[in-house]
Amino acid sequence: MTGVQTCALPISDYKHEHNKKHISKPLYNPLAQLSKKIELHEHRHLSGMEERETLPWFYYAAKLDPHNIKAYVLGGYCAGSCLGRPDEGIIFLREGLRYNPDSWEIHAEIGNLYYKEKKDCEKAIIYYEKARGCFTDTIPDKYERRNMLVFLRESYKKQAEVLKAENVHKEILKYFPEN
């Protein structure tokens with residue numbers, strides 16, 4: 001670091017004279033200095049090698065905290081959808097289910113990989129239904145809930161299960177009656 005000076009003397013050996021004009025300097029706080037230097041300058045989506053470089057960080061985040069649902073969901077999405085490795089994404093997400101069996105988000109992301117990447121509606125339905133079963137009244141984002149239900153409805157349609165698709169559509173209308 002530049003501009004940082006330290007004193008090799010113990011504090012008890014450091015003496016100076018006080019006078020009325022003396023202004024004490026605040027103690028050096030490296031975290032405060034760091035936060036001043038780090039700030040968001042732009043928002044952009046990663047592509048190519050940049051996405052590939054983020055993948056290990058999701059794995060590390062999940063290792064450090066196996067209950068970090070966002071790390072599993074984002075890591076599974078990154079591997080499965082962005083990098084075109086859905087099997088790897090599914091394996092990572094299933095690992096997340098070992099620690100978070102009631103996570104609707106992880107179940108839904110596995111369903112997404114089966115539906116969007118592997119074109120396997122039968123398996124997608126299994127995971128979307130598990131996600132639906134994990135819904136609680138405390139899920140704050142009705143838009144995320146709707147998105148998952150839309151893919152479940154479309155999966156049922158592709159499997160020619162019209163009645164089940166209509167029932168899911170009715171559930172969507174409960175959250176968004178105007179649509």
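What joins the side chains of Tyr175 and Arg145? A polar contact of 2.4 Å does. The legends below start with the whole chain and then move to close-up views. The model is predicted.

**Overview. The protein chain is built from eight helices and zero strands.**
Its pattern along the sequence reads α-α-α-α-α-α-α-α. The chain has 179 residues, and 30% of them count as buried. Take the contacts with a separation of 6 or more: residues 24 or more positions apart account for 50% of them.

**View 1. Tyr175 meets Arg145 across 30 residues of chain.**
Tyr175 lies in helix H8. The C-alpha atoms of Tyr175 and Arg145 are separated by 8.9 Å. Their side chains are joined by the polar contact of 2.4 Å. Leave aside the neighbours within four places in sequence, and Tyr175 is in contact with Lys142, Arg145 and Leu149. Is Tyr175 buried or partly exposed? Tyr175 has a relative accessible area of 23%, so it counts as partly exposed. The cut-off for buried is under 20%.

**View 2. Tyr143 and Phe176 form a tilted aromatic pair.**
The ring centres are 5.1 Å apart, with 50 degrees between the planes. Tyr143 lies in helix H7 (residues 142-158), while Phe176 lies in the segment after helix H8 (162-175). The pair therefore ties together parts that are 33 residues apart in sequence. The two partners can be set side by side for burial. Tyr143 is partly exposed, at 46% relative accessibility. Phe176 is buried, because its relative accessible area is 3%.

**View 3. Two arginines lie over the faces of two rings.**
Arg145 lies over the face of Phe135, at 4.6 Å from the ring centre. Arg145 is also the partner of Tyr175 in the polar contact of View 1. Arg146 lies over the face of Phe176, at 4.4 Å from the ring centre. Phe176 is the ring that pairs with Tyr143 in View 2.

**View 4. Tyr59, Tyr72 and Phe92 form one aromatic cluster.**
The structure holds seven aromatic pairs. One of them is Tyr72 with Phe92, a tilted pair at 5.0 Å centre to centre and 40 degrees between the planes. The pair links distant parts of the chain. Tyr72 sits in helix H3 (residues 69-82) and Phe92 in helix H4 (residues 86-99), 20 residues apart. Tyr72 is buried, and Phe92 is buried too.

**View 5. Helix H6 covers residues 121-134.**
H6 has 14 residues and reaches 20 Å from its first C-alpha to its last. That is close to the 20 Å expected at 1.5 Å a residue. At the N-terminal end, Asp120 caps the helix. A side-chain oxygen of Asp120 lies 3.3 Å from the backbone nitrogen of Glu122.

Which residues of H6 are buried? They are Cys121, Ala124, Ile125, Tyr127, Tyr128, Ala131 and Cys134. The buried residues pack against H4, helix H5 (104-117) and H7. A general point helps in reading such a list. An α-helix has 3.6 residues a turn, so residues three or four places apart point the same way.

**View 6. Cys121 and Cys134 are both buried residues of H6.**
Cys121 has a relative accessible area of 10%, so it counts as buried. Cys134 is buried as well, because its value is 17%. A disulfide is a covalent bond between the sulfur atoms of two cysteines. How many disulfides are there? The count comes to zero.

**View 7. Ser103 sits in the loop between H4 and H5.**
Is Ser103 buried or exposed? Its relative accessible area is 3%, so Ser103 counts as buried. Apart from neighbours within four places in sequence, Ser103 is in contact with Ile69, Leu97 and Cys134. Cys134 is one of the buried residues of H6 seen in View 5.

**View 8. Lys119 and Ala160 have positive phi values.**
Lys119 has a phi of about 55 degrees, although it is not a glycine. Lys119 is in the loop between H5 and H6. With a relative accessible area of 62%, Lys119 is exposed. For Ala160, also a residue other than glycine, phi is near 65 degrees. Ala160 is in the loop between H7 and H8. Ala160 counts as exposed, at 62% relative accessibility.

Conventions:
Residues are numbered from 1 along each chain as its sequence is written. This is a predicted model: local features need pLDDT of at least 70, side-chain atom pairs count only at pLDDT 80 or more; totals for chains, interfaces and linings use all residues. Side-chain values use heavy atoms; hydrogens and water are left out. Rings of Phe, Tyr and Trp (its six-membered ring) pair if their centres lie within 6.5 Å; planes under 30 degrees apart count as stacked, over 60 as edge-to-face and the rest as tilted. Helices (H or I, at least four residues) and strands (E, at least two) are DSSP runs, numbered from the N terminus. Buried means under 20% relative accessible area, exposed over 50%, partly exposed in between (1.4 Å probe, protein chains only). A charge sits over a ring if NZ of Lys or CZ of Arg is within 6 Å of the ring centre and within 35 degrees of the ring normal. A disulfide is a pair of cysteine sulfur atoms within 2.5 Å. The expected span of a helix is 1.5 Å times one less than its number of residues. Contact means heavy atoms within 4.5 Å. A polar contact is a pair of N or O atoms within 3.5 Å; within protein, one must be able to donate a hydrogen and the other to accept it, and residues adjacent in sequence count only if both atoms are side-chain atoms.
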